[in-house]
Amino acid sequence: MIEPLRIGMVGGGIGAFIGAVHRHAMRLDGRCELVCGALSSQPDRAIVSASELGLPLSRGYESWEDMLAREAELPNDQRMEAVAIVTPNHLHLPVAAAALNAGFHVISDKPATRTLKEARQLADAVQTSGKHYALTHTYLGYPMVREARRRVRSGALGRVRKVYVEYTQGWLASRLEGDNKQASWRTDPTQSGLAGCIGDIGSHAHNLAEFVLGEPMTDVRAWLQAVVDGRQLDDDGAVFFKMGEDVSGVLMASQVCAGEENYLRLRVYGDAAGLDWVQEEPNTLMVKHADGRQERLRAGSNMPLGSDVAAMFRTPSGHPEGYLEAFATLYADFAKQVRGIGDPFVPGIHEALRGMAFIESVVRSSESGGEWREVTHG
């Protein structure tokens, strides 16, 4: 039995939006173990959160700085090995850079930083440290997303021509700032960065498209807006984009679509076939052929799926796996990467740089009235 990866968490205390999801995911496959935490920016709340989660009194810290310092003093076989960053965006760089410099691996919420400049600083820290860095682009953990990628790469769609990717939510359709912590920091430029919706969920859509196609978005032409009066950052937008040599596409991201939950959809069209995947029905991948035939591929079934994809399923056919399992795949793969087991795929510093370059190019394009902008992180 391989020893679980020992993880310390920054942020994500009791009542936090995403912290519990991280903890469920890291435990699911037995590859990771939460051993300590600095779970809130408020010292008293951090200690209470650690106690309620059952962490030893000595391993619940009042600040992330204290956690890094005191964990580094413990014997190698007891101290945490990696830091999970579950905080608003403005803390991603300082916590990650300090953790890497202290000799710990890092797995962080996305986007990696607030700006491309900060992402470059993070990349330097990763390179200097020699440690592993992972970014929780959860949707890449779905088996049928991996199957979509395999089919595109194998040429099953023929020559890819068109991509449509959209992510719509409705939770910010009215003004929640002030009463809702999640809304408040996501719409605050000092904490979120230069983008709102396009950074929060548009970055997921961008990452999904690049992952499945195996091509970077090279140029973007964007339009962003704040629909809700008084909102400082975008809550809605659309992006025309180019990929590779001959692929064009459209990306839509909005958090003001009343009634929508987490509608993430990717469609890819070649000259021989197309693919259609929807996150709210993640175990199904539709394949539409040019001659009119349609295939409904299902997760966990006896259908012709890639062997690496089939190995990802945890449940029998007809028993759905979802968001937690996809998140767990990222944590399990991160642990395997640190342990040097196999050749797992983990979104890392490259995806971090690509994501921030996309966000910045989109914002600058919108500011210029929709001019085409090259997406580069160099």
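Student: Hi! What volume does the second largest cavity have?

Tutor: The second largest cavity has a volume of about 40 Å³. A cavity is a set of points, on a 1 Å grid over the protein atoms alone, where a 1.4 Å probe fits but cannot get out. Volume here is the space filled by probe spheres set on the points, with points joined across faces, edges and corners. This is a predicted model, where local features need pLDDT of at least 70 and side-chain atom pairs count only at pLDDT 80 or more, while totals for chains, interfaces and linings use all residues. Residues are numbered from 1 along each chain as its sequence is written, and side-chain values use heavy atoms, leaving out hydrogens and water.

Student: Cool. Which helix gives the most to the lining of the second largest cavity?

Tutor: That's helix α13, residues 349-367, with five residues. Lining residues have an atom within 4 Å of a point, and helices are DSSP runs (H or I, at least four residues) numbered from the N terminus. Among the residues lining this cavity are Lys110, His137, Glu351, Met356 and Ile359.

Student: And how does that lining divide by class?

Tutor: Into six nonpolar, three polar and two charged residues. Ala, Val, Leu, Ile, Met, Phe, Trp, Tyr, Cys and Pro count as nonpolar, Asp, Glu, Lys and Arg as charged, and the others, Gly among them, as polar.

Student: Back to α13. How does α13 pack with α5?

Tutor: α5 (residues 116-129) and α13 pack at an angle of about 170°, with their axes 9 Å apart. Axes are lines fitted to C-alpha atoms, for helices over the stretch in contact, and angles run from 0 to 180 degrees between N-to-C directions. The two helices are therefore roughly antiparallel, a label for angles over 145 degrees.

Student: Which residues make the contact?

Tutor: Contact means heavy atoms within 4.5 Å. Leu116, Ala119, Arg120, Leu122, Ala123 and Val126 of α5 meet Ile349, Leu353, Met356, Ala357 and Glu360 of α13. By class, that contact has nine nonpolar, no polar and two charged residues.

Student: New topic: how much space lies in the second largest pocket?

Tutor: About 440 Å³. A pocket is an open set of points with protein on both sides within 12 Å along at least five of seven lines. Of its 17 lining residues, Arg146, Asp308, Met312, Thr329 and Asp333 are the closest to its centre.

Student: Which helix supplies the largest share of that lining?

Tutor: α12 does, with four residues. The pocket's lining divides into seven nonpolar, one polar and nine charged residues.

Key:
Parallel < 35°, antiparallel > 145°, perpendicular 65-115°, else oblique.
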